[in-house]
Amino acid sequence: MTEEARLEIEQVTVSYNGHAALQDVSFQVPHGAQVAVVGANGAGKSTLFKALVGLLPVRSGRILIHGLPWGSHRDCVAYVPQREDVEWRFPVTVEDVVMMGRYLRLGWLKRPSQQDRTAVANCLEQMGIASLAKRSIGNLSGGQQQRAFLARALAQEPHILLMDEPFTGVDIATQEATLELLAQLKTQQVTIMISTHDLNLAARHFDLVLLLHRRVVAFGIPSEVLTTQALSEAFGGQVLVLENGAVVVDECCNTAEEV
Amino acid sequence: MFQWLIDPLFYPFMQRSLLVSLMVGILCAVIGCYVVLRGMAFMGDALAHAILPGVAIAYLLHGNLLLGGLIAAVIVALGIGFFSRQGELKEDTAIGILFAAALALGIALISTIRTYATDLTHILFGNILGVSQGDLWLTAGLGGGVLVTIFLCYKELLVISFDPVLAATLRLPVELLRNLLLILLALTVVISLKTVGVGLVAAMLVTPGATAYLITRRLPAMMAVAAAIGAFSGLAGMYLSFYANIASGAAIVLTASSIFLLVFFLAPQRGALWQFIRRGKYAR
């Protein structure tokens, strides 16, 4: 018996500022799978995610969720953006930010109920930031901010969770908390896609790897996808193949380290 | 002892002006929080100037000035959106062009009227002493409507301002909400016309909100503090205007600006003086 594919991308092309950022991308993510999206900067990782949540229009092709076209579901995709995309000086507390994850459930004109407050408290607890609930979002460290956004995504109770570079520029504690969260969501059958530069992480913690370079270079289980040839194709000159067969991808200069 | 507070209340025109400046102070301050947080100060200023041709046409046709101003403001707000959405022009460039054009058109129209100078002064700097009973009701009705709308759409306006990406993934009608905010802003500007005038309304939108931002950490608190500052500025400004015999709009704005300066330097934690002392401690 074949498993129902929960997320199907069929020949999707997305333009960004007039250029085709993604071309003819097709792949299927089975129900509950965890996928690492790997590729160089500008390979279209963020573009893919933005198209999946409807932030960028799909020029051609189809995105199906649970077998239905995009837009048929209201509540099932949550997206954790890169930290640069948010206005951090806004006067909101951590609790306020996480509560925003409940807004869709609440609907127009409704105020949060005790049930929503409990859900928010649980999500904060789960990400280990319950003690920061009343703090301003702008006063947190990068890692804490990220955990607040993960808590918000949890509060949305999504079927599909997309995270853009959650391992870039955060402290070890946040990385650990993120990985723990992934393990836990696995048991809840939440389908997950994460973009990352970290090949080790992709190989070790994910069911599937999507190697992206404006189109799909390879897609499948990590051992099949992360080959010397495929990596060279995806990363171009940034790949260094050592004599013993080890592959080094040099992207040190593109990511800002921050603790 | 408080005779000086009560004295002006014996004049009916002062009763009306105090009430209307109180309402405008609160209204501008509350919507001004969004203006400050979303970086729409220039937009607010542009909308204020854009109502000039609408007011002028209404005046020439002996129609309702507020209605004329409102129509012009909505046209310009949507026009700015149209020009900047084409992608060729940045929003502030589109605002700069349209706002100057509207101002010029307004002045051109008003200059055809014989009592040009007085009329223009009233529109530019307000004419609060000319507030009628009808104006009072109109201000209360429209202002109340704007405040209720902001209250009812609190969640949605918060999300589109803080995190437009989340707003889109939550499938909120982002474009519609943005236009709603512009229309509320246009209404506010038009309502404020008689109190502070076209030239100074931007200050009433920005100053109380910016002051409140310095001393609060959540949006509801920021709105409440801004409303208090706006209300106080409205009343204190009117008294200042009454006793010092200066233009009321200017007096109101100067009061709000003085509060801003005080808070900017003296606010706990974030104030300039506080930061200076703290830096001194570390230096030692």
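**Two chains, term by term**

Trainee: Which residue stands just after α11(B), and what phi does this residue take?

Mentor: Asn245(B) comes just after α11(B), with a positive phi of about 55°. Keep in mind that this is a predicted model.

Trainee: What makes α11(B) agree with the span expected of a helix?

Mentor: Count first. Helix α11 covers residues 219-244 of chain B, which is 26 residues. The expected span is 1.5 Å times one less than that number, and this gives 38 Å. From first C-alpha to last, α11(B) reaches 36 Å, close to the expected value.

Trainee: How many helices and strands does chain B have?

Mentor: Chain B has 13 helices and zero strands. Its pattern along the sequence is α-α-α-α-α-α-α-α-α-α-α-α-α.

Trainee: How do you know what radius of gyration to expect for chain B?

Mentor: Use the globule rule: 2.2 Å times the number of residues to the power 0.38. For 284 residues, a compact globule would have a value near 19 Å. Chain B has 20 Å, so the two agree. Its C-alpha atoms fill a box of roughly 65 × 60 × 35 Å along the principal axes.

Trainee: What share of chain B is buried?

Mentor: Buried residues are 46% of its 284 residues. Contacts tell us about the fold too. Of the contacts in chain B with a separation of 6 or more, 71% join residues 24 or more positions apart.

Trainee: What are the matching values for chain A?

Mentor: In chain A, 41% of the 259 residues are buried. Residues 24 or more positions apart make 67% of its contacts with a separation of 6 or more. Chain A has nine helices and 12 strands.

Trainee: Why is Val35(A) called buried?

Mentor: The cut-off is 20 or more other C-beta atoms within 10 Å. Val35(A) has 22, so it counts as buried. This residue is found in strand β3 of chain A.

Trainee: Which residues does Val35(A) touch, beyond those up to four places away in sequence?

Mentor: Among them are Val29(A), Ile192(A), Phe206(A) and Leu210(A). Look also at Ile194(A). Ile194(A) lies 159 residues from Val35(A) along the chain, yet their C-alpha atoms are separated by 6.3 Å.

Trainee: What makes β3(A) and β8(A) a pair of strands?

Mentor: Two strands pair if there are at least two bridges between them. β3 (residues 34-38) and β8 (residues 191-196) of chain A have five bridges, in the parallel sense. At Val37(A), the bridge partner in β8(A) is Ser195(A).

Trainee: What is the order of the sheet that holds these strands?

Mentor: Six strands of chain A run β6-β7-β8-β3-β9-β10 in an open sheet with mixed pairing.

Trainee: What makes a strand an edge strand here?

Mentor: An edge strand pairs on one side only. In this sheet of chain A, β6 and β10 (216-220) do that. On average, neighbouring strands are turned by 15° against each other, direction ignored.

Trainee: Which strands does helix α1 of chain A lie across?

Mentor: Helix α1 (residues 45-52) lies across β3, β6, β7, β8 and β9 of chain A. It runs at about 150° to β7(A).

Trainee: How many residues does each chain bring to the contact between chains A and B?

Mentor: Chain A brings 20 residues and chain B brings 18 residues. In chain A, β6 (77-80), α2 (94-100) and α3 (103-106) each supply at least two residues to the side that touches chain B. That side of chain A has 13 nonpolar, three polar and four charged residues.

Methods
Residues are numbered from 1 along each chain as its sequence is written. Chains are lettered from A and ligands numbered from 1 in the order in which they are written. This is a predicted model: local features need pLDDT of at least 70, side-chain atom pairs count only at pLDDT 80 or more; totals for chains, interfaces and linings use all residues. Two residues are in contact if their C-beta atoms, placed from the backbone, lie within 7 Å. Helices (H or I, at least four residues) and strands (E, at least two) are DSSP runs, numbered from the N terminus. Ala, Val, Leu, Ile, Met, Phe, Trp, Tyr, Cys and Pro count as nonpolar, Asp, Glu, Lys and Arg as charged, and the others, Gly among them, as polar. A residue is buried if 20 or more other C-beta atoms lie within 10 Å of its own, exposed if 12 or fewer, and partly exposed in between; C-beta atoms are placed from the backbone. Axes are lines fitted to C-alpha atoms, for helices over the stretch in contact, and angles run from 0 to 180 degrees between N-to-C directions.
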